[in-house]
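Reader: Hello! I am new to this structure and would love a close look at one part of it, with some of its surroundings. Could you walk me through it?

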Amino acid sequence: RCGILQCPSGLQVAYVSGMDSNKSSKDGCFFKEEETKQLCAKSEDKNFKGVDMLLTSDWPKGVTEYGNKLVDTSVDPSETGSEIISQLAIKLKPRYHFTALDNAYYERLPYRNHKVLQEPARHVTRFISLANVGNSSKKKYLYAFNVVPLCHIKPDELIKQPDDVTEMPYGKLLRNKATNQNSQQNSGQNFFFDLDSKSGGQKRKND
């Protein structure tokens, strides 16, 4: 269901098939967060720079943030997408991220994979959603391009930022996750033992 294909040319293609099991009750193929953790772990390698392509069925949650307008009204950006896929995109830093589940064409402006003036410059990611093959609305379902494997590109060339580059769209997701983690940690510190109480050291909630 998920993995990274290493092509003889050096091209690296990461993939996750199916829909987020947390987001859909429909019959079909699903994935769980546990299945993607091994992929995310690849980014912990100090020599890891990213992958050339990421192929997913689900959209990443929040991908339209800071981007160009989504013209296709069949997709609601506030409802569409998986946070697990967003996390995977953050970790794997694909140069191209393709998806084709929602029968919608959307080519987002490229976004940065680093914080300006805070982190070393990295290559950009281009997110592209393609429609169903032969769809009646004649939405775009093919995308032709030439790609040189990341491992064969000089660092200075790789990190060049196009004029229309935007901030990473998943910043809000990262902030919310950090807030939730802090809340969970703090919730475990809201109790103390009142040693002066006649209750014999009964655990009492901290005011």
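Reader: What is the relative accessible area of Y66?

Author: Happy to help! This is a predicted model, in which local features need pLDDT of at least 70 and side-chain atom pairs count only at pLDDT 80 or more, while totals for chains, interfaces and linings use all residues. Residues are numbered from 1 along each chain as its sequence is written, and side-chain values use heavy atoms, with hydrogens and water left out.

Now to your residue. Y66 has a relative accessible area of 46%, so it counts as partly exposed. For that term, buried means under 20% relative accessible area, exposed over 50%, and partly exposed in between, with a 1.4 Å probe and protein chains only. Y66 sits in the loop between β5 and α2. Its phi is positive, near 70°, although Y66 is not a glycine.

The loop that holds Y66 also holds W59, since W59 lies between β5 (53–56) and α2 (83–92). Helices (H or I, at least four residues) and strands (E, at least two) are DSSP runs numbered from the N terminus. W59 is buried, at 2% relative accessibility.

W59 also takes us to the aromatic rings. Rings of Phe, Tyr and Trp (its six-membered ring) pair if their centres lie within 6.5 Å; planes under 30 degrees apart are stacked, over 60 edge-to-face, and the rest tilted. The count comes to nine aromatic pairs. In one of them, the ring centres of W59 and F127 are 5.3 Å apart and the planes stand at 70°, so this pair is edge-to-face. F127 belongs to strand β8, so the pair ties together parts 68 residues apart in sequence. F127 is buried too, with a relative accessible area of 1%. By contrast, Y96 and F98 form a stacked pair, because their planes are at 10° with centres 6.2 Å apart. Y96 and F98 are both buried, and ring pairs link them with Y143 and F145 into a cluster.

W59 has a place in the nonpolar core as well. A nonpolar core is a set of buried Ala, Val, Leu, Ile, Met, Phe, Trp, Tyr and Cys residues joined through side-chain atoms within 4.5 Å. The largest one has 24 residues, and W59 is among those with the most contacts inside it, as are V16, L54, L88, L92 and Y170. The elements giving two or more residues to this core are β2 (12–16), α1 (33–41) and α2. Helix α2 supplies the largest share, six residues. In soluble globular proteins, nonpolar side chains tend to be buried together.

Y170, from that core, touches P60, K61, G62 and V63, among others, leaving out residues up to four places away in sequence. Contact here means heavy atoms within 4.5 Å. Apart from this core lies another, of seven residues, including V13, F98, I128 and L130.

One last companion for Y66: K138 also has a positive phi without being a glycine, at about 60°. K138 is in the loop between β8 and α3 (155–158), and at 76% relative accessibility K138 counts as exposed.
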